[in-house]
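Dear colleague,

Please find below the structure that I am handing over to you. My notes on what was found in it follow directly after.

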Amino acid sequence: VQLQASGGGLVQAGGSLRLSCAASGRTFSNYVMGWFRQAPGKEREFVAAIRWSGVSIYANSVLGRFTMSRDNAKKTVYLQMNSLVPEDTAAYYCAAGPLFASSAEEYGYWGRGTLVTVSS
């Protein structure tokens with residue numbers, strides 16, 4: 001599976017962005033998809049994950065503000081980010097793996113990051 005994330009950019013605090021992650025390969029529906037982020041000088045952290053069925057889980061820091069969705073026909077997942085705060089500034093990565101998990105080690109496929117910058 002190859003993954004390509006897009007949609008990052010510069011936004012003011014309180015604003016919104018929608019990230020997309022397009023996957024190639026015929027077995028997209030077999031994978032759990034995840035979003036992770038890494039801020040400068042910090043560890044990569046879990047943001048959200050979604051099963052093929054649409055069931056999703058979120059990090060506490062984004063719960064209620066971010067929504068992850070997937071379109072299996074388009075082999076694409078999305079991360080709708082609302083009420084953004086400067087602490088959300090990071091490179092965002094999409095990932096694919098077999099388990100519905102929040103640990104980066106469970107994801108074997110990674111896309112290149114897309115940068116999100118939230119100004120105060």
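**Aromatic rings**

F36 is buried, having a relative accessible area of 1%. Please bear in mind that the model is a predicted one. F36 makes a convenient starting point for the aromatic residues. The structure holds five aromatic pairs. One of them is formed by F36 and F46, in an edge-to-face arrangement with 5.6 Å from centre to centre and 70° between the planes. F36 belongs to strand β4 and F46 to strand β5, and this pair links distant parts of the chain, 10 residues apart. Like F36, F46 is buried.

F36 also pairs with W110: the ring centres are 5.0 Å apart and the planes stand at 55°, so this pair is tilted. Because F36 lies in strand β4 and W110 in strand β10 (residues 109-110), the pair ties together parts that are 74 residues apart in sequence. W110 counts as partly exposed, at 29% relative accessibility. Through ring pairs, F36, F46, Y107 and W110 are linked into a cluster. At W110 there is a further feature, since R44 lies over the face of this ring at 4.7 Å from the ring centre.

**The disulfide**

The count of disulfides comes to one. The partners are C21 and C94, whose sulfur atoms are 2.0 Å apart. The link of C21 and C94 is right-handed, with 60° about the S-S bond. C21 sits in strand β3 (residues 17-24) and C94 in strand β9 (residues 90-97), so the pair ties together parts that are 73 residues apart in sequence. Is C21 buried or exposed? C21 counts as buried, because its relative accessibility is 0%, below the 20% limit for that class. C94 is buried as well, with a relative accessible area of 0%.

Strand β3 also contains S20. At 18% relative accessibility, S20 counts as buried, the limit being under 20%. Leaving aside neighbours within four places in sequence, S20 is in contact with Q4, A5, S6, W35, T76, V77 and Y78.

**The nonpolar core**

Which residues touch the most other members of the largest nonpolar core? They are M33, W35, M68, L79, M81 and Y92, out of the 36 residues in this core. At least two residues of the core come from each of β1 (2-6), β3, β4 (32-38), β5 (45-50), β7, β8, β9 and β11 (114-119).

For M33, the contacts can be given in full. Not counting residues up to four places away in sequence, M33 touches L3, C21, F28, A48, A49, I50, M68, R70, V77, A95, A96 and Y107. The list thus includes C21, one of the two cysteines of the disulfide, and Y107, which belongs to the ring cluster described above.

**The hairpin of β7 and β8**

In a regular strand the side chains alternate between the two faces of the sheet. Strand β7 (residues 66-71) has a covered face made up of F66, M68 and R70, and an uncovered one with T67, S69 and D71. M68 on the covered face is among the core residues named above. R70, on that face too, has its charged end over the ring of F28, 4.6 Å from the ring centre.

β7 pairs with strand β8 (residues 76-81) in the antiparallel sense, over six bridges. Within this pairing, the bridge partner of F66 is M81 in β8. The two strands form a hairpin with four residues between them.

**Positive phi values**

Which value does phi of K75 take? Phi of K75 is near 55°, a positive value in a residue other than glycine. K75 lies in the loop between β7 and β8, the turn of the hairpin. K75 counts as partly exposed, at 26% relative accessibility.

S83 is another residue other than glycine with a positive phi, near 50°. S83 lies in the loop between β8 and β9. With a relative accessible area of 41%, S83 is partly exposed.

With kind regards

How values were computed: Residues are numbered from 1 along each chain as its sequence is written. This is a predicted model: local features need pLDDT of at least 70, side-chain atom pairs count only at pLDDT 80 or more; totals for chains, interfaces and linings use all residues. Side-chain values use heavy atoms; hydrogens and water are left out. Buried means under 20% relative accessible area, exposed over 50%, partly exposed in between (1.4 Å probe, protein chains only). Two strands pair if DSSP finds at least two bridges between them. A disulfide is a pair of cysteine sulfur atoms within 2.5 Å. A nonpolar core is a set of buried Ala, Val, Leu, Ile, Met, Phe, Trp, Tyr and Cys residues joined through side-chain atoms within 4.5 Å. Contact means heavy atoms within 4.5 Å. Rings of Phe, Tyr and Trp (its six-membered ring) pair if their centres lie within 6.5 Å; planes under 30 degrees apart count as stacked, over 60 as edge-to-face and the rest as tilted. A charge sits over a ring if NZ of Lys or CZ of Arg is within 6 Å of the ring centre and within 35 degrees of the ring normal.
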